[in-house]
Amino acid sequence: MPIAPTWSKRRRNHGTDLWDNPEFRGRIGLYQIGNAGALLFLRLAAKLYGSGDMDIDTAFTKLKELAPFTQASWSGEVSTSLMRGDIAIAPVDWTEILTLQDKGAPVEIVVPEEGVLAYEQSFNIVKSGASKDDAHAYINYHDQCQMFRRTWRRCSTHRR
């Protein structure tokens with residue numbers, strides 16, 4: 001699930017840099033820290049302004065510079081604020097915005113020059129699925145990646 005800056009077309013400003021555009025001051029929406037999207041945003045800030053995507057101390061310092069900002073616990077809250085024009089820009093989960101665009105919502109995804117960060121929220125194999133071997137191979141591929149080994153194995157119910 002990628003997270004990307006998303007505009008409210010009702011209050012479109014120019015530029016995507018949350019830190020350098022004074023028009024965004026007080027008009028930014030962010031996930032509360034308990035949401036996985038907040039971690040992705042912190043890692044992106046760390047990558048852009050720190051020594052790498054795990055420089056979370058620098059990311060928190062940069063986050064403080066954005067205050068005041070609206071916080072929401074899930075994508076639906078952020079996207080609703082964007083649609084109403086309560087906020088001008090927010091890093092939002094891409095699938096949420098695509099779904100809203102399909103319904104005609106006045107929101108637009110902006111892909112920053114630096115790219116976006118994404119993660120897999122869960123891996124599931126449908127019991128009645130036709131390609132179970134391929135599904136297991138896909139999950140096993142991710143299981144071999146270093147970034148998943150540290151966290152996924154601790155809570156995985158995958159047994160194949």
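Visitor: In this predicted model, are tryptophan 19 and phenylalanine 41 buried or exposed?

Guide: Tryptophan 19 is buried, and phenylalanine 41 is buried as well. The word applies to a residue with under 20% relative accessible area.

Visitor: What makes tryptophan 19 and phenylalanine 41 an aromatic pair, and why is the pair called stacked?

Guide: The search of the whole structure finds 2 aromatic pairs. In the pair of tryptophan 19 and phenylalanine 41, the rings are 6.1 Å apart centre to centre, with 0° between the planes. Centres must lie within 6.5 Å, and planes under 30 degrees apart count as stacked; therefore the values of 6.1 Å and 0° meet both conditions.

Visitor: Which parts does this pair tie together?

Guide: Tryptophan 19 belongs to the loop between strand 1 and strand 2, and phenylalanine 41 to helix 1, so the pair joins parts 22 residues apart in sequence. Trp19 and Phe41 also form one aromatic cluster with Tyr49.

Visitor: What lies over the face of tyrosine 49, and at what distance from the ring centre?

Guide: Lysine 62 lies there, at 4.2 Å from the ring centre. The cut-off for that distance is 6 Å, so the value of 4.2 Å satisfies it.

Visitor: How do you know that the span of helix 1 agrees with its number of residues?

Guide: Helix 1 has 14 residues, which at 1.5 Å a residue should span 20 Å; the end C-alpha atoms are 20 Å apart, so the two agree.

Visitor: What caps the N-terminal end of helix 1?

Guide: Asparagine 35 does: one of its side-chain oxygens is 2.6 Å from the backbone nitrogen of glycine 37. A polar contact requires the atoms to be within 3.5 Å, so 2.6 Å fulfils that distance condition.

Methods:
Residues numbered from 1 in each chain as written. Predicted model: local features only at pLDDT ≥ 70, side-chain atom pairs only at ≥ 80, totals over all residues. Heavy atoms only, no water. Phe/Tyr/Trp six-rings, centres within 6.5 Å; stacked < 30°, edge-to-face > 60°. Helix = DSSP H or I, 4+ residues; strand = E, 2+ residues; numbered from the N terminus. Buried < 20%, exposed > 50% of the residue type's maximum accessible area, 1.4 Å probe, protein only. Lys NZ or Arg CZ within 6 Å of the ring centre and 35° of its normal. Expected span 1.5 Å × (residues − 1). Polar contact = N/O pair within 3.5 Å; in protein donor to acceptor, adjacent residues only side chain to side chain.
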